[in-house]
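Hi,

Here is the structure you asked about, with my notes on the side-chain contacts underneath. Have a look at it first, then read on.

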Amino acid sequence: MSEKLKPAKLLVIASKAGRVTKRYPYDEPLLSPDFRGKITIDENLCIGCGACVNACPPNALQLMKDKDTVVLRYFVGRCIFCWRCVDVCPVGAIKGLREFELATNDISDLYVHVVHKKAKCEKCEGEGATQRMLYYVVQKSPIVEEYLNECPDCRRKSFIDSVVKRRTGGVSE
């Protein structure tokens with residue numbers, strides 16, 4: 001076949017094959033059923049426990065603490081879309097989406113912040129868990145209400161004191 005007839009042959013082949021690409025963004029993109037996109041965090045469900053932070057391999061999720069708040073920060077730019085955070089979230093606050101269009105001109109669009117109030121210890125004014133996490137613990141195990149508003153150190157001390165009191169019959173040394 002001569003070089004001049006090659007384009008005509010290509011046109012014949014293309015007309016037989018038909019359209020092989022999608023008219024993106026006008027048509028639905030081809031995504032496999034296993035495709036994983038970015039995650040979304042429901043601020044009303046999140047308790048700020050940090051389980052997702054411990055499960056995140058690239059540290060896209062971070063727990064930042066300051067004086068009165070605990071902030072769960074999600075940076076989409078570091079996320080590898082493994083969805084391990086979705087699997088470990090105890091309250092189902094993190095959902096995986098099939099969204100893949102993540103390009104932006106402003107890097108702040110890639111951050112999500114969920115702010116929680118810290119609970120204060122009644123005995124020492126120290127820091128403990130978030131208020132939502134305490135409410136979650138009470139819902140799951142109402143027996144802990146007695147020590148609910150104490151930090152882990154004060155809770156441990158109260159527990160040891162009660163064990164000593166029980167063993168000595170209420171008489172302390």
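Below I go through the aromatic pairs, the salt bridges and the nonpolar core. Please keep in mind that this is a predicted model.

Aromatic rings first. The count comes to three aromatic pairs. One of them is F35 with F100, an edge-to-face pair with 6.1 Å between the ring centres and 90° between the planes. This pair links distant parts of the chain: F35 sits in the loop between helix 1 (6-17) and strand 1 (39-41), while F100 is in the loop between strand 4 (94-96) and strand 5 (111-120), 65 residues apart. Buried or exposed, where does F35 fall? In between, as it turns out: F35 is partly exposed at 26% relative accessible area, and F100 also counts as partly exposed, at 34%.

Another pair is F75 with Y111, and this one is stacked, at 4.5 Å centre to centre and 20° between the planes. F75 belongs to strand 3 (residues 69-75) and Y111 to strand 5, so the pair ties together parts that are 36 residues apart in sequence. F75 counts as buried, because its relative accessibility is 15% and the cut-off for buried is under 20%. Y111, at 28%, counts as partly exposed.

If you are colouring by ring, put Y24, F35 and F100 in one colour, as they form one aromatic cluster.

Now the charges. How many salt bridges are there? The count comes to five. One of them joins the side chains of K38 and E99, at 3.9 Å from N to O. K38 is in the loop between helix 1 and strand 1, and E99 is in the loop between strand 4 and strand 5, so this salt bridge ties together parts that are 61 residues apart in sequence. You may recognise those loops: F35 and F100 lie in them too. K38 is partly exposed, with 22% relative accessible area, and E99 counts as partly exposed as well, at 34%.

Helix 5 has local salt bridges to show you. D153 pairs with R156, with 3.1 Å between the closest N and O atoms. Both lie in helix 5 (residues 152-168), three residues apart, or about one turn of the helix. D153 counts as exposed at 52% relative accessibility, whereas R156, at 49%, is partly exposed. In the same helix, K157 and D161 are four residues apart, again about one turn, and their side chains meet in a salt bridge at 3.8 Å, N to O. K157 is exposed at 54% relative accessible area, and D161 is partly exposed at 43%.

Last, the inside. Which residues touch the most other members of the largest nonpolar core? That core has 20 residues, and the ones in question are I39, I41, C52, L61, L72, Y74 and I94. Strand 1, helix 2 (51-55) and strand 3 each supply at least two residues of the core, with strand 3 giving the most, at three. C52 is a good residue to click on here. Leaving aside neighbours within four places in sequence, C52 is in contact with L61, L72, C85, V88 and I94. Of those partners, L61, L72 and I94 are also on the list of residues that touch the most other core members.

Cheers

Terms used. Residues are numbered from 1 along each chain as its sequence is written. This is a predicted model: local features need pLDDT of at least 70, side-chain atom pairs count only at pLDDT 80 or more; totals for chains, interfaces and linings use all residues. Side-chain values use heavy atoms; hydrogens and water are left out. Rings of Phe, Tyr and Trp (its six-membered ring) pair if their centres lie within 6.5 Å; planes under 30 degrees apart count as stacked, over 60 as edge-to-face and the rest as tilted. Buried means under 20% relative accessible area, exposed over 50%, partly exposed in between (1.4 Å probe, protein chains only). A salt bridge is a side-chain nitrogen of Lys or Arg within 4 Å of a carboxyl oxygen of Asp or Glu. A nonpolar core is a set of buried Ala, Val, Leu, Ile, Met, Phe, Trp, Tyr and Cys residues joined through side-chain atoms within 4.5 Å. Contact means heavy atoms within 4.5 Å.
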